[in-house]
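Here are a few short exercises to work through with the model open in your viewer. Try each task before reading its solution.

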Amino acid sequence: MKNGLAIFVLLAPALVVILVLFAGGLALGFSQSLGFMPIIGAYGFSLHAYLELLRSPGFLPSLLLTIFVSVTATGIAVTLAVITALTLRKHFVGKKLVSFLYQFPLTIPHLVVAVGMMMLVSQSGLLARAAYRVGLIGDSSQFPILVFDNLGIAIILVYVWKEVPFIGLIALAVLQSIGNDYEEQARTLGADSWQTFRHVLLPLIVPGILPGSIIIFAYTFSSFEVPFLLGKSYPAMLSVL
């Protein structure tokens, strides 16, 4: 009992900050969105702002696009992160260099990556010029539209490139912490590589990568600079709208 009380006392300052600043800010923002703003003499509650938002012509397309981009980018990033983590846990020649290059995207700001992606995959970008040089396309307009497109492909590519190492390092840390004992026992019992991954490794990895996946989804859902630079004006992602 004393240990529990001591832990609570030690955590109390941090909990107070979180409750007052974070939860308090959310509560204040939500109450103001309902029209409760005593500072200007508004004491009533109303759903008028939300109804107006739902009626606005660009809201639903923007919401659907934002969900699509966020889910797709998160799903691809998590899948590639797990695959690369399974590869990096093995010993091979040049592993240190590969590991360094793997973590390199973490140091690059999203804004810089977005500008680089535009220069790379736009119809006047490096890939289009290379395709024209080797004769794959006869004109830059024949290159697939990946920037300012309806599906936000360039936006997805930016987030995937940035977030794969973020989730991958988490997955790699989990894999290194559990060791090889569970896999060896599964193989002893007759499991093949896919069964070992699906029934042994994946359940052990998921609790570790789930919080990171939620962070990626939330960041992608609310980020502004990347969809502002690489997305269409309509429908725009919610952060731009």
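The exercises below concern a predicted model, and each task is followed by a worked solution.

**Exercise 1. Fold and overall spread**

Work out which secondary structure elements the protein contains, and decide whether the chain is as compact as the globule rule would give.

*Solution.* Start with the element count: there are 10 helices and 0 strands. Along the sequence, that reads α-α-α-α-α-α-α-α-α-α. Next, take the radius of gyration, which is 24 Å, and set it against the 18 Å that the globule rule gives for 241 residues. The value is well over the rule, so the protein is more spread out than a compact globule. For the dimensions, the C-alpha atoms fill a box of roughly 70 × 70 × 30 Å along the principal axes.

**Exercise 2. Surface, burial and charge**

Find what share of the residues is buried, what the accessible surface is made of, and how the charged side chains are placed.

*Solution.* Begin with burial: 31% of the 241 residues are buried. Then turn to the accessible surface, about 15,400 Å², where carbon and sulfur atoms account for 73%. Last, count charges: the protein has 12 positive and 9 negative side chains, and 5 Å separates the centres of the two sets.

**Exercise 3. The largest nonpolar core**

Identify the residues that touch the most other members of the largest nonpolar core, and trace which helices build this core.

*Solution.* The core holds 41 residues, and those touching the most other members are Ile155, Ile205, Ile209, Val226 and Leu230. Two or more residues each come from helices H3 (59-88), H5 (110-121), H6 (126-133), H7 (153-178), H9 (193-222) and H10 (225-230). H7 gives the largest share, 12 residues. Now zoom in on Ile209: leaving out residues up to four places away in sequence, Ile209 touches Val78, Val82, Ile167, Ile170 and Ala171. To see how far along the chain contacts reach in general, take those between residues at least 6 apart in sequence: 69% of them join residues at least 24 apart.

**Exercise 4. The setting of Gln195**

Decide whether Gln195 is buried, partly exposed or exposed, and describe its surroundings.

*Solution.* First locate the residue: Gln195 lies in helix H9. Its relative accessible area is 35%. Buried needs under 20% and exposed over 50%, so Gln195 is partly exposed. Beyond residues up to four places away in sequence, Gln195 touches Gly190 and Val200. Finally, Glu183 is 12 residues away along the chain, with 9.9 Å between the C-alpha atoms of Glu183 and Gln195.

Technical notes:
Residues are numbered from 1 along each chain as its sequence is written. This is a predicted model: local features need pLDDT of at least 70, side-chain atom pairs count only at pLDDT 80 or more; totals for chains, interfaces and linings use all residues. Side-chain values use heavy atoms; hydrogens and water are left out. A nonpolar core is a set of buried Ala, Val, Leu, Ile, Met, Phe, Trp, Tyr and Cys residues joined through side-chain atoms within 4.5 Å. Buried means under 20% relative accessible area, exposed over 50%, partly exposed in between (1.4 Å probe, protein chains only). Helices (H or I, at least four residues) and strands (E, at least two) are DSSP runs, numbered from the N terminus. Contact means heavy atoms within 4.5 Å. The radius of gyration is taken over C-alpha atoms; the globule rule is 2.2 Å times the number of residues to the power 0.38. Accessible areas come from the Shrake-Rupley method with a 1.4 Å probe; for residues, only the protein chains shown count as cover. Lys and Arg count as positive and Asp and Glu as negative; His and the chain ends are not counted. The place of a charge is taken as NZ of Lys, CZ of Arg, CG of Asp or CD of Glu.
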